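Subject: Structure for your files

Hello,

I am passing on the structure we talked about, with notes on what came out of it. Please look it over when you have time.

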Amino acid sequence: QVQLVESGGGLVQAGGSLRLSCAASVRTFSRHAMGWFRQAPGKGREFVAGITRNGDMTYYLDSVKGRFTISRDNAKNTVYLQMNSLKPEDTADYYCAARFYGGSSYSTIAAPDGYDYWGQGTRVTVSS
């Protein structure tokens, strides 16, 4: 069983930055593709960013490209989401997810149904 614990959410003004972290309690972390998803109030869950098992490829939602950066440290079993130039529309609950032996294509990494494990979420609120 894999446990994912997110941290780093909070309240920030528009234009500010936050860094989310997701710590995984699994020895095979390096065999999991990782993704960040978000869900705003009254909306469905959407893909934000994803990274392949060894970190050689990353993918982003169009609206966060150039502002968000996903990275991972397999030695620490942790994936990060650096969020800069935050906007009020980025307000949501952010979830990290792990996909065992997840592939490398955008369609695979961005599909929430393919993820095996999910964290409990961390709330990000961006004020205008």
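The disulfide count comes to 1. Please keep in mind that this is a predicted model. The disulfide joins C22 to C96, with an S to S distance of 1.9 Å. C22 sits in strand β3 (residues 18-24) and C96 in strand β9, so the bond links distant parts of the chain, 74 residues apart, with helices and strands taken as DSSP runs. The torsion about the S-S bond of C22 and C96 is about 40°, and the disulfide is therefore right-handed. Both cysteines, C22 and C96, are buried. As a reminder, a disulfide is a covalent bond between the sulfur atoms of two cysteines.

Next, the salt bridges. The structure holds 5 of them, and three are described here one by one, starting with R67 and D90.

R67 forms a salt bridge with D90, and the closest N and O atoms are 2.7 Å apart. This pair also links distant parts of the chain: R67 is in the loop between β6 (58-60) and β7 (68-73), while D90 is in the loop between β8 (78-83) and β9 (92-100), 23 residues apart. Are the two partners buried or exposed? R67 has a relative accessible area of 11%, so R67 is buried. D90 counts as buried too, because its relative accessibility is 1%.

The second pair is D93 with R123, where the closest N and O atoms are 2.6 Å apart. D93 lies in strand β9 and R123 in strand β11 (residues 122-127), so this salt bridge ties together parts that are 30 residues apart in sequence. D93 counts as buried because its relative accessibility is 18%, and the cut-off for buried is under 20%. R123, in contrast, is exposed, with a relative accessible area of 55%.

Salt bridges that share partners also join R38, E46, R67 and D90 into one network. The R67 and D90 pair described above is therefore part of that network.

The third pair is K65 with D62, whose closest N and O atoms are 3.1 Å apart. D62 is exposed, as its relative accessible area is 60%.

Strand β9 comes up twice in these notes: C96 of the disulfide is in β9, and so is D93 of the salt bridge with R123.

Regards

Note on methods: Residues numbered from 1 in each chain as written. Predicted model: local features only at pLDDT ≥ 70, side-chain atom pairs only at ≥ 80, totals over all residues. Heavy atoms only, no water. Salt bridge = Lys/Arg side-chain N within 4 Å of Asp/Glu carboxyl O. Buried < 20%, exposed > 50% of the residue type's maximum accessible area, 1.4 Å probe, protein only. Helix = DSSP H or I, 4+ residues; strand = E, 2+ residues; numbered from the N terminus. Disulfide = S-S within 2.5 Å.
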